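Dear colleague,

Please find below the structure that I am handing over to you, together with its sequence. My findings follow directly after it.

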Amino acid sequence: MGQLDTSRVVGCELCVQDGGVLIVRTDKLRVIRAIDADHPAFYRVIWNDHVAEWTDLVPEDRSHIMQAVAKVETVLREALSPAKINLASLGNVVPHLHWHVIARYDWDARWPAPVWAPMQREVDDAAGRLAMPLEQLDALVASALKAR
């Protein structure tokens with residue numbers, strides 16, 4: 001198909017703001033950490049230009065974003081040893097191309113259901129249960145993406 005719309009769209013929250021704690025920004029994409037107390041190792045890989053679907057990108061750019069998703073997943077797996085990594089590209093509410101990369105644990109508030117499911121248990125200090133502080137994890141993610 002090719003890249004359909006490379007402009008910013010007024011009213012699109014991912015066109016006008018980073019969407020979380022900015023970890024790294026390149027000319028094509030950015031990676032943020034979502035602020036989610038129940039799922040602290042929740043990252044998003046966001047295409048900078050406004051496109052709604054992965055197939056709106058030319059094949060080279062499709063590969064580019066998926067390589068970034070793979071790098072974030074690899075860092076989370078190696079640094080945290082989660083029970084599972086969830087990957088999702090939904091965009092129903094925000095139709096701007098982005099991938100969720102979420103480290104999941106059998107102790108998390110919604111396990112084994114999706115992160116958007118109703119809470120099944122209270123989990124105090126989920127970030128404190130991770131194998132390392134979030135700032136250190138963020139630095140590892142940034143380093144992996146800058147090593148392109």
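In what follows, a residue is called buried when its relative accessible area is under 20%. Please also bear in mind that this is a predicted model.

With that cut-off, 6 of the 6 residues of strand S3 are buried, so S3 is largely enclosed by the rest of the structure. The strand comprises residues 42-47. In a regular strand, side chains point alternately to one face of the sheet and the other. In S3 both faces are covered: Phe42, Arg44 and Ile46 lie on one side, Tyr43, Val45 and Trp47 lie on the other, and all of them are buried.

The sheet to which S3 belongs is open and has 5 strands, in the order S1-S2-S3-S5-S4, with antiparallel pairing. Its edges are formed by S1 (21-25) and S4 (84-88), each of which pairs on one side only. From one strand to the next, the twist averages 20 degrees. Helix H4, residues 134-146, packs on this sheet and touches S1, S2 (29-33) and S3. The direction of H4 makes about 20 degrees with that of S1.

The individual pairings are as follows:

- S2 and S3 run antiparallel and are joined by 5 bridges; valine 31 has valine 45 in S3 as its bridge partner.
- S3 and S5 are paired in the antiparallel sense, over 5 bridges; here phenylalanine 42 has isoleucine 102 in S5 as its bridge partner.
- S4 pairs with S5 (residues 98-104), again antiparallel and over 5 bridges; asparagine 86 also has isoleucine 102 in S5 as its bridge partner.

Isoleucine 102 is thus a bridge partner of both phenylalanine 42 and asparagine 86.

One residue of S5 deserves a separate note. Histidine 100 is located in this strand. Is histidine 100 buried or exposed? Its relative accessible area is 6%, and residues under 20% count as buried, so histidine 100 is buried. The side chain of histidine 100 makes a polar contact, at 3.3 Å, with the side chain of histidine 98. When neighbours within four places in sequence are left aside, histidine 100 is in contact with Phe42, Tyr43 and Arg44, with Asn86, Leu87 and Ala88, and with Trp116. Of these, Phe42, Tyr43 and Arg44 are among the buried residues of S3 described above.

Yours sincerely

Conventions: Residues are numbered from 1 along each chain as its sequence is written. This is a predicted model: local features need pLDDT of at least 70, side-chain atom pairs count only at pLDDT 80 or more; totals for chains, interfaces and linings use all residues. Side-chain values use heavy atoms; hydrogens and water are left out. Two strands pair if DSSP finds at least two bridges between them. Helices (H or I, at least four residues) and strands (E, at least two) are DSSP runs, numbered from the N terminus. Axes are lines fitted to C-alpha atoms, for helices over the stretch in contact, and angles run from 0 to 180 degrees between N-to-C directions. Contact means heavy atoms within 4.5 Å. Buried means under 20% relative accessible area, exposed over 50%, partly exposed in between (1.4 Å probe, protein chains only). A polar contact is a pair of N or O atoms within 3.5 Å; within protein, one must be able to donate a hydrogen and the other to accept it, and residues adjacent in sequence count only if both atoms are side-chain atoms.
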